[in-house]
Every structure is written in C-alpha cells, then in structure tokens.
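This report describes the fold of a single protein chain, from its overall dimensions to selected residues. Please consult the sequence and the coordinates alongside the text.

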Amino acid sequence: MSAAPLLLVHPGTHGVAMYGREVASAVRAQDPSIGTIDAADLDAVPADTALHVHFTDRLWGDSPEQASLAFGALAARRAISVTLHDVPQASDGERNLPRRRAAYAAVASAARGVAVNSEHEHALLREEGVWSGPAVSIPLPVALDPDMQRMPADGSVGVLGYFYPGKGHDEAARAAAQAGIGSMTVLGRASEGHAAELEEFVRRAGALGVDVEVTGWLDDAEIARRGRAVSVPVIAHRHVSASGSLASWIGWGRRPVAVRNRYMDEMATLRPGTLQTVDEPELAVAVRQAFEHPESTWHGLTRLPMSWPEAAEAYVRWWRGLAR
C-alpha cells in the first residue's frame, strides 16, 4: 500500500460519513498531496490506487450482509485500509449480533489495515471474535470551540445526537425524574427508522413527569449554542463504541455526566477533567448535584490531547507503516 491512500468519502448526514469527511479535511491540511474521492466516482480511479475508507454497516448497505459484500467487492479490486465504527457488541441483540460479527469479520479480513477509534473497540474486536490481527487505535479528536461562552442554563437535562434504542435517553429521563428535574432536551432527531420509537420515548418520559423537547436537525452553530445552554449534559449509552457526542460536548466546553463503562473510563484518562463518570445507580444523584452546581458541568480547559491535527498525523504515520 502506498504511504498516501486516496480517502473515500460519503455524502450525507450519517455520523460516520460526516466524520470521514472531517478526517479527510484534517489529513489534507497536513498533507495536500493526499486526495479524496466520492464513493460515486470510484470507477474513474486507477485500479492500483490504494484507498482508506470508514466502515459501518448502516452506511455501506441496507443489511450487514449487503454492507460486507459491497466492501468485499471493492477490496477485491484494490488495496484498502479501513476504520471500523460501531463495532459489534452484546447490545446489538441476539438476532443482529451474529450478523454484524460476520460482516465486520469479513471486512477486517479483506482489508490491508484496520483502525478503530478506541482501545475499548480494539478489545471488542477480539472479544466478539471479529478480528484478532493487528489494529491501530486513533481516538476521536476534539476541536475546542473558540466560542465557549457559558450560556444561561435552560433548566434541562440534555442528550446529544441521533435517537436510537440504547443511546441512553430513557436512562437520562429516569435520572432527571428522580433528580426532580422536569425538563429534557434531545439535541438532534431520530436515526433513520426510529421516529416512532422516539415518539414512544417522549410519551414514556412524560409519564415520569419529564417534558421532552426534540430539537430536530440543527446546524453546527445552533447545536453548539443549544449544547452550551442545557443545564446538565448526560451520556448514558447502552451501546458503547466511540462517542462523537462526548467529543462534541467537550469541544463546546462542557463536562458531561457519563455512566461509567470501559470507553468512558478510557476517555477520562485520555482527557482528565473533561467528564464526570458515575456508576449507573448513582446517575440521578450526580445529575442533581450537577444541576445545583452548574460550574461543575464546564471543564474550563483550553488545550486537550488528540486534536484534529494530531489525529491526522496519527493516520499518516499509520499509512506509512502499512506501506513498509
């Protein structure tokens, strides 16, 4: 594989597609000789051109099987390195976990190099029988917003990102209710296919005495403004891979309350002082304390490990190693 693969990017608002474009932009800022190619234009690329791609089954196909077949067809024609997202784990459920395991195993075995976004995911690859070969971990970078002005608190518990089962909305709503906080903000919209489940969640939260506002899709400036306004940012994922939501909260200057798990502990070690991890039974107490002490929900830092330039440099170093 050449030291500078062409970076495949996908259009649209899927989180992995957006992240792939951001990585490409950061890499090209480090090395303008590294090019990008839209997924629709691959036929125009010479067959001996190496590629780097970002893979999650929901971006590459309508099913895990279809996604892995699409990746395999591409990998059969050219050398590909891959960053795996949404790594299979137990919370996928009895039906989907074996399918996703098989799909990701096929992708990893067809790739010339495998990357993930955390040591937690690296461990998952082994634990779930997906991939036992070499893999590099390049954490999701954080860009500190130059405008980290503290907004007046709006009195709500906030959960950031697309709604889907396992994202932690129910846990956050229960914690809000137990903490005596009657307002919750869902910063985002339903993930594709989950609109009805979002409506059901809003009803469940209402039954607990928690009024939920769903903002819908917001542009970067508005979601940052709203993210700085919620009283208590909360992360309570059941399905834990790498968290773009955490990176966004930290980038806006916030210090979210997060249910402890292996990934959150890893990120707390990587960026000390940027999140408060608690065991799930203590979530409501932590939310109430954060509500009463709003200064604790801001980290106040001006420099953090693993910035976008550092992530770009890590990718370029890895690609050079693959070329040896």
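## Terms and helix H5

A residue counts as buried when its relative accessible area is under 20%, as exposed when that area is over 50%, and as partly exposed in between. The model discussed here is predicted. By the stated criterion, helix H5, which covers residues 119–127, has the buried residues His-120, Glu-121, His-122, Ala-123, Leu-124 and Leu-125.

The cover over these buried residues of H5 includes two strands, E4 (80–84) and E5 (113–116), and also helix H10 (262–270). Just after H5, Gly-129 adopts a positive phi of about 70 degrees.

## Overall form

The protein chain contains 12 helices and 12 strands. Its radius of gyration is 20 Å, close to the 20 Å that the globule rule gives for 324 residues, so the chain is as compact as a globular protein of that length. The C-alpha trace spans about 60 × 45 × 30 Å along its principal axes.

Of the 324 residues in the chain, 52% are buried. Among contacts between residues at least 6 apart in sequence, 74% join residues at least 24 apart. The accessible surface comes to about 14,100 Å², and carbon and sulfur atoms account for 51% of that surface. The chain carries 31 positive and 39 negative charges, and the mean positions of the two sets are 3 Å apart.

## The six-stranded sheet

Six strands form an open sheet with parallel pairing, in the order E2-E1-E3-E4-E5-E6. The edges are occupied by strand E2 (36–38) and strand E6 (136–137); each has a single partner strand, so one side of each is left without a neighbour in the sheet.

Within this sheet, strand E3 (residues 51–55) pairs in the parallel sense with strand E1 (residues 6–9) over two bridges. Leu-6 has Leu-51 of E3 as its bridge partner, and Leu-7 stands opposite His-52 in E3. The pairing of E3 with E4 is also parallel and runs over five bridges. One of the residue pairs here joins Val-53 to its bridge partner in E4, Val-82.

## Strand E3 and its two faces

How many of the five residues of E3 are buried? Five of the five are, so the strand is largely enclosed by the rest of the structure. In a regular strand the side chains alternate between the two faces of the sheet. In E3, Leu-51, Val-53 and Phe-55 point one way, whereas His-52 and His-54 point the other way, and all of these residues are buried.

## Arg-226 in helix H8

Arg-226 lies in helix H8, which comprises residues 220–229. Is this arginine, Arg-226, buried or exposed? With a relative accessible area of 13%, Arg-226 is buried, because the threshold for that class is under 20%. Leaving aside neighbours within four places in sequence, Arg-226 is in contact with Thr-185, Leu-187, Glu-213, Thr-215 and Leu-218.

## Loop residues

Asp-86 is located in the loop between E4 and helix H4 (93–110). Although Asp-86 is not a glycine, its phi is positive, at about 55 degrees. The relative accessibility of Asp-86 is 25%, and Asp-86 therefore counts as partly exposed. Met-306 is another residue other than glycine with a positive phi, in this case near 60 degrees. The loop that holds Met-306 connects helix H11 (283–292) and helix H12 (308–323). Met-306 is buried, with a relative accessible area of 17%.

Gly-12 belongs to the loop between E1 and helix H1 (15–30). At a relative accessible area of 40%, Gly-12 is partly exposed. Once neighbours within four places in sequence are set aside, the contacts of Gly-12 are with Ala-17, Met-18 and Arg-21. Between Gly-12 and Glu-280, which are 268 residues apart along the chain, the C-alpha separation is 34 Å.

Note on methods
Residues are numbered from 1 along each chain as its sequence is written. This is a predicted model: local features need pLDDT of at least 70, side-chain atom pairs count only at pLDDT 80 or more; totals for chains, interfaces and linings use all residues. Side-chain values use heavy atoms; hydrogens and water are left out. Helices (H or I, at least four residues) and strands (E, at least two) are DSSP runs, numbered from the N terminus. The radius of gyration is taken over C-alpha atoms; the globule rule is 2.2 Å times the number of residues to the power 0.38. Buried means under 20% relative accessible area, exposed over 50%, partly exposed in between (1.4 Å probe, protein chains only). Contact means heavy atoms within 4.5 Å. Accessible areas come from the Shrake-Rupley method with a 1.4 Å probe; for residues, only the protein chains shown count as cover. Lys and Arg count as positive and Asp and Glu as negative; His and the chain ends are not counted. The place of a charge is taken as NZ of Lys, CZ of Arg, CG of Asp or CD of Glu. Two strands pair if DSSP finds at least two bridges between them.
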